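Student: I should like to examine how the descriptive terms applied to a model follow from their definitions. May we begin with a pair of facing residues?

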Amino acid sequence: MDPRLLKYAEQNAPRYTSYPTAPHFTPAVSSDTFRAWLGELDIDAKLSLYIHAPYCRQMCWYCGCNAYAALRDEPIALYVEALHREIDAVADALSAREVVEIHWGGGTPNTLSPERFAGVVAHLRERLDLSNVKRHAVEIDPRLLTNEQARAMAEAGVNRVSLGVQDLEPSVQAAIGREQPFELVRSAVASLRAAGIDALNFDLMYGLPLQTLDTVRRTAQRAASLRPQRFSVFGYAHVPWFKPRQRLIDETALPDANARYDLAQAIGETLAAEGYVAVGYDHYALPDDPLASSASLTRNFQGFVETACDALVGLGPSAISTLPQGYAQSEPEVGAWRKAVVERGLAIKRGRELNNEDVWRRELIMRLLCQFEVDLADFGGLCAFVEELERLRPLALDGLVKIENGRLRIPAEARPFARLVAQAFDAYANVGAARHSRAV
């Protein structure tokens, strides 16, 4: 890494899956607010559904997700029962019916049995219009996948699956509490393709303990040999004050900021050599994948996606909905979420109503993160951004952003630092005590 960039790699910045970001949500948005927002949607609005499955069979030490271990079947059964109630409450409140996208995250969605998974999809089909769903994606743990699950997903209309691979080096896997041999991943891929699910994404991580340039290159090469259409490459966020399970990770074995940057670059270079093209600042895709050629690339709580829907409706504990009026997040703790759903149908704990400035700042930030350039004339011109341009001055001097005739452009080599450029336009960046992940 260029020594001038080290100070930037050590900084923290939001991932900007929303704007304003989740730490700035407040209890001012309630279940009643959310119900009203759903009813105000245009009847022809195109909907995306996100379903959060909160349980895993065992917890990986690095995990920063809202997830819980469930060794018995009862918690999963109670979760699914409440999920059906929530589906009814949302469907009753919605004016729009057409769903064009479904995404299951977690936790581990394939902790659900094939019968329960199929039952949830059947219930959605009864209450909403799923006839035009273009993308139905599920995140899975390859260690749990069975042939029966793969077939049930395909029969339910799933056409894209994301596999949590993270790292394929045995020593790294032992250091993060997730032992998952390459042969197991290859077997899961074979099961999915045999069931007719060919569109695959692999998640890889850098910044994990004991990773070296050689190990991450080897992981990327072996993963690419299975030819998934996409890769999502995430930096590990070590936040033990927020996720106590991360205290099981040996902090002394974690790479420093300089090494994290080099690890990320090594993975990107390896995937490029294997024929993948960079999308956004942390995704990669084969050239013929829709994500690689999308002219309307956008970013939401699932990362970079080809197109934006009119509304994203979240189901399950901690799920965040994105509506024209703002954001609404459900109770994150499963018990509190289930109790609220049983009592009142919806379980909103907090959110954020958007004002006009929030809307245009979000558009500006998303353009920077997706297209890596923006014309400030579209947002009032240079005179409207005196403070922001002053904050960008040192980044411009170090080559992280080019500013010419009111147009901002993030050079290809500076894209790992794109979140820092975007943060200059975040009106809430210095409000409150939110702690974010490393910029790289």
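Tutor: Isoleucine 51 stands opposite leucine 315 in β13. The model is predicted, so local features need pLDDT of at least 70 and side-chain atom pairs count only at pLDDT 80 or more, while totals for chains, interfaces and linings use all residues. Residues are numbered from 1 along each chain as its sequence is written, and side-chain values use heavy atoms, with hydrogens and water left out.

Student: What makes strand β1 and β13 a pair?

Tutor: Two strands pair if DSSP finds at least two bridges between them. Strand β1 (residues 47–53) is joined to β13 by five bridges, and the two run parallel; the criterion is therefore met. Strands here are DSSP runs of E with at least two residues, and helices are runs of H or I with at least four, both numbered from the N terminus.

Student: Why is strand β13 called largely enclosed?

Tutor: A residue is buried under 20% relative accessible area, exposed over 50%, and partly exposed in between, with a 1.4 Å probe and protein chains only. Five of the five residues of β13 (residues 311–315) are buried, so the rest of the structure largely encloses this strand. Ala311, Val313 and Leu315 point one way, Leu312 and Gly314 the other way, and all are buried. In a regular strand, side chains alternate between the two faces of the sheet.

Student: How do you know that strand β5 is largely enclosed?

Tutor: Five of the six residues of β5 (residues 135–140) are buried, so the same description applies. Strand β5 pairs with strand β4 (residues 99–106) in the parallel sense over four bridges, and tryptophan 104 stands opposite valine 138 in β5.

Student: Why is aspartate 426 called buried?

Tutor: Its relative accessibility is 6%, which is under the 20% limit, so aspartate 426 counts as buried. This residue is found in the segment after α14 (418–423). Leaving aside residues up to four places away in sequence, aspartate 426 touches Pro14, Tyr16, Tyr19 and Ile365, where contact means heavy atoms within 4.5 Å.

Student: What is the secondary structure of the whole protein, and what makes the protein as compact as a globular one?

Tutor: The protein has 14 helices and 19 strands. Its radius of gyration is 21 Å, close to the 22 Å that the globule rule gives for 440 residues, so the protein is as compact as a globular protein of that length. The radius is taken over C-alpha atoms, and the rule is 2.2 Å times the number of residues to the power 0.38.
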